Amino acid sequence: MIKFADEATIEVSSGKGGNGCVAFRREKFVPLGGPAGGDGGRGGDVVFQIKNNLRTLAHLRYKQHFKAKNGCDGEGSNRFGKDGEDVVIPLPPGSVIKDAETGEVIKEFVTQSESERFVFLEGGKGGWGNTHFKTSTNQAPEYAHAGKPGETRTLLIELNIMADIGLVGFPNAGKSSLLDFFTNARPKIAPYPFTTKIPNLGVLHVDQERDIIIADIPGIIEGASDGAGLGIRFLKHISRTAGLLYIIDVSDDNCFSAFQTLSSELKQFSAELAKKPFAVVCNKLDVEGAQERFETIRKSLPDVMVLGMSVYNRQGMDEVRKTIITLADTVKNTKPAATSKKKKTVSAFMAERSVCDTDEIQYPGQEQ
Ligand SMILES: Nc1nc2c(ncn2[C@@H]2O[C@H](COP(=O)(O)OP(=O)(O)OP(=O)(O)O)[C@@H](O)[C@H]2O)c(=O)[nH]1
Ligand SMILES: [Mg+2]
């Protein structure tokens, strides 16, 4: 099975401060020149920074130890040691930093602002050189301070992909086909279950100002919460969405219980996820008998928005598009203006990149 890099354990260390120096001024014609030992430099910090071109934690698979540079020791003639260089660890938006031992959440990156830097560990302070210890009674101190040590911590980094709309459905229902139709993503589509093995993201371009990110996750089957199929671990990636689309294949007789099965699996994963605004989309209306099944489902769920579509012959697609926009707006309308403004920038950024970009970094949607 392809492993989607959404978890990584890393060890980070800040740099040690440089030692203070013991030195004395020695110059011709300046007898007893006094102490002249400079201070040690500061150790480098451990810093995390959001990088929007990263979409997974694959880069942390190959490098798990990050160490900031130590500060340099102070020198004679009151010269300060150089500060140690920080180690900057890039993370994709949606990353959560946890203490590996306690599981305590240290930081959650919910924005996509690359300017957000999080200094996790500060480097050790540099030690004072002997100049600092000169007093009237001790004019030639023979001692200096050692630099303070850095700190080392083991961290668990988790990634929750950030998307506006999540697609939920049995395998083969047409989730990836929908993503392919509406967005720039080109996921693998095939007539067998579990074609999608890792989440795919796509951007639906609404207008100049607005894009909606849609997440297509691997199919859910009955018992997924107990580990059946690919399980429900990917559901966490749609936990921050504004709304969900349940995709139901109405060319299949299983369709009548599909919604109940899916929503109960979701509930077992997280009650909050199951409470998100949603709509049901019945797909494959072009197939014989599908229209009747669709009508039956619609009648059986009077309080739910149930739409019909066929990606195959482009039927009902406008309605589905409108529903996606309405669902994505639900959160926007309940949040303060500042937040929704941010959201725009977020998605506008996403629009600039193709989900199929080739890079050394693995992107969701790059299924091999
Ligand atoms: N007849 C018909 N077939 C469709 C339609 N939409 C999708 N399909 C087909 O259904 C099959 C499954 O489509 P996918 O989009 O891969 O389904 P999925 O839900 O992503 O499946 P998994 O990734 O396995 O969970 C493919 O063979 C599609 O061509 C439709 O509207 N009508
Ligand atoms: Mg798929």
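What percentage of the 368 residues of the chain counts as buried? The share is 45%, where a residue is buried if 20 or more other C-beta atoms lie within 10 Å of its own, exposed if 12 or fewer, and partly exposed in between, with C-beta atoms placed from the backbone. The structure is a predicted model, in which local features need pLDDT of at least 70 and side-chain atom pairs count only at pLDDT 80 or more, while totals for chains, interfaces and linings use all residues. Residues are numbered from 1 along each chain as its sequence is written, and chains are lettered from A and ligands numbered from 1 in the order in which they are written.

**Overall architecture**

The chain contains 7 helices and 14 strands; these are DSSP runs numbered from the N terminus, helices being H or I with at least four residues and strands E with at least two. Of the contacts with a separation of 6 or more, 73% join residues 24 or more positions apart. Here two residues are in contact if their C-beta atoms, placed from the backbone, lie within 7 Å.

**Strand pairing**

Two strands pair if DSSP finds at least two bridges between them. An open sheet of 5 strands follows the order β3-β1-β8-β5-β6, with mixed pairing. Because β3 (65–67) and β6 (105–108) are at the edges with a single partner strand each, one side of each has no neighbour in the sheet. From one strand to the next the twist averages 25°, with axes as lines fitted to C-alpha atoms and angles running from 0 to 180 degrees between N-to-C directions. Two parallel pairings are set out below.

| Strand pair | Bridges | Opposed residues |
|---|---|---|
| β1 (7–13) and β3 | 3 bridges | Ser-13 and Lys-67 |
| β2 (46–50) and β4 | 5 bridges | Val-46 and Val-87 |

Strand β4 (residues 87–91) has Val-87, Ile-89 and Leu-91 on its covered face, and Val-88 and Pro-90 on the uncovered one.

**The surroundings of ligand 1**

Ligand 1 is surrounded by 24 residues, the closest being Ser-176, Pro-191, Thr-196, Gly-219 and Tyr-312; a residue is near a molecule if its C-beta atom, placed from the backbone, lies within 6 Å of it. The shell comprises 11 nonpolar, 10 polar and 3 charged residues. In this scheme Ala, Val, Leu, Ile, Met, Phe, Trp, Tyr, Cys and Pro count as nonpolar, Asp, Glu, Lys and Arg as charged, and the others, Gly among them, as polar. Helix α2 (residues 175–182) gives the largest share of the shell, 3 residues. Of the 8 residues of α2, 6 are buried, namely Lys-175, Ser-176, Ser-177, Leu-178, Leu-179 and Phe-182.

**Helix α5**

In helix α5 (residues 290–300), Ala-290, Arg-293, Phe-294 and Ile-297 are buried. They lie on the same side of α5 because they cover an arc of only 100° around the axis, the arc being that of the directions from the helix axis to the C-beta atoms. The packing partners of these buried residues are β12 (243–249), α3 (255–269), β13 (278–283) and β14 (306–308). Exposed Glu-292 and Lys-299 are on the face of α5 turned away from the buried side.

**Ala-144**

Ala-144 belongs to the loop between β7 (117–121) and β8 (152–159). This residue counts as buried because Ala-144 has 25 C-beta neighbours inside 10 Å. Beyond neighbours within four places in sequence, the contacts of Ala-144 include Asn-19, Cys-21, Gly-37 and Trp-128. Gly-37 is 107 residues from Ala-144 in sequence, yet their C-alpha atoms are 7.9 Å apart.
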